[in-house]
Amino acid sequence: MYAIVEMAGQQFKVAKDQKVYVHRLQTEEGKKVTFDNVLLLDDGKNVTVGAPAIDGAAVEAKVIKHLRGDKVIVFHKKRRKGYKKKNGHRQSLTEIVVENIISSGAKKTAPKKAAAPKKEAAPKAAAPKAEAKKAAPKKSASKKDDLKKIEGIGPKIAETLTAAGIATFAELAKTDAAKISEIIADVRGNHVTDTWPAQAKLAADGKWDELKKWQDELDGGKA
């Protein structure tokens with residue numbers, strides 16, 4: 001049996017007892033973690049495809065250790081400008097081993113059927129001097145907060161969080177730090193999200209002086 005599952009922002013084809021290296025997870029070494037965004041299951045006889053995920057299916061794994069990947073050299077050069085810049089990057093990773101693939105009760109989510117188009121009614125005779133209805137006013141766009149005011153959040157992370165539906169301090173305060181790490185897993189850098197929900201709670205409550213005092217003690221969002 002194997003499954004295709006999304007883990008820390010990436011998709012993997014996994015089987016039982018297989019070791020996988022994923023973007024850094026917040027789970028401690030030796031602890032278990034469950035991934036329920038299973039996209040495909042193959043039990044050797046039947047193949048179940050989700051739409052997009054499969055209800056009731058999950059992949060259980062155990063965190064072996066946290067490590068860093070091989071160094072990648074990024075070199076920039078501009079001809080005839082005398083410009084050279086060399087940077088190195090090592091991705092923060094987590095080694096996990098798949099312990100179990102849960103398929104019992106798995107049920108493919110059927111896509112919703114499109115509603116049949118309504119038959120157009122015969123046009124009625126226009127009333128004399130009928131006034132055209134005024135267009136309904138457009139709803140104002142949902143309020144967004146400047147998430148960059150949170151220590152450790154830059155423009156790219158703020159953009160990624162907003163795209164994931166976290167656009168206000170209140171929404172960020174309700175989001176678990178581990179979930180935030182999964183959302184921004186593809187953003188380059190080693191980001192520590194432990195204090196972000198608490199910082200967002202102070203911002204949502206308007207406690208800016210208290211937040212500023214705390215941020216002076218932080219370094220990249222890390223205490």
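## A buried acid and its partners

At 4% relative accessibility, E95 counts as buried, because the cut-off for that class is under 20%. The model is predicted. The side chain of E95 meets that of K19 in a salt bridge, with an N to O distance of 3.5 Å. K19 lies in strand β3 (residues 19–23) and E95 in strand β11 (residues 92–102), so the salt bridge ties together parts that are 76 residues apart in sequence. Unlike the buried E95, K19 counts as exposed, at 54% relative accessibility.

K65 also belongs to this group: K19, K65 and E95 are linked in a network of salt bridges.

## Other salt bridges

The salt bridge count comes to seven. One of them joins K31 and E28 at 3.6 Å, N to O. Here K31 is partly exposed at 44% relative accessibility, while E28 is exposed at 53%.

Another salt bridge joins D205 and K201, with N to O at 2.6 Å. D205 is partly exposed, with a relative accessible area of 40%, and K201 is also partly exposed, at 43%.

## Hairpin of β9 and β10

Strands β9 (residues 72–78) and β10 (residues 83–89) pair in the antiparallel sense over seven bridges. V74 has N87 in β10 as its bridge partner. Four residues stand between the strands of this hairpin, and R80 takes a positive phi near 60 degrees.

## Positive patch

R68, K71, K86 and R90 form a positive surface patch. Of these residues, R68 lies in strand β8 (residues 58–68) and counts as partly exposed, at 46% relative accessibility.

Note on methods:
Residues are numbered from 1 along each chain as its sequence is written. This is a predicted model: local features need pLDDT of at least 70, side-chain atom pairs count only at pLDDT 80 or more; totals for chains, interfaces and linings use all residues. Side-chain values use heavy atoms; hydrogens and water are left out. Patches are made of residues with over 30% relative accessible area and no salt bridge: like charges are joined within 9 Å, nonpolar side chains (Val, Leu, Ile, Met, Phe, Trp, Tyr) within 5 Å. Accessible areas come from the Shrake-Rupley method with a 1.4 Å probe; for residues, only the protein chains shown count as cover. A salt bridge is a side-chain nitrogen of Lys or Arg within 4 Å of a carboxyl oxygen of Asp or Glu. Lys and Arg count as positive and Asp and Glu as negative; His and the chain ends are not counted. The place of a charge is taken as NZ of Lys, CZ of Arg, CG of Asp or CD of Glu. Helices (H or I, at least four residues) and strands (E, at least two) are DSSP runs, numbered from the N terminus. Buried means under 20% relative accessible area, exposed over 50%, partly exposed in between (1.4 Å probe, protein chains only). Two strands pair if DSSP finds at least two bridges between them.
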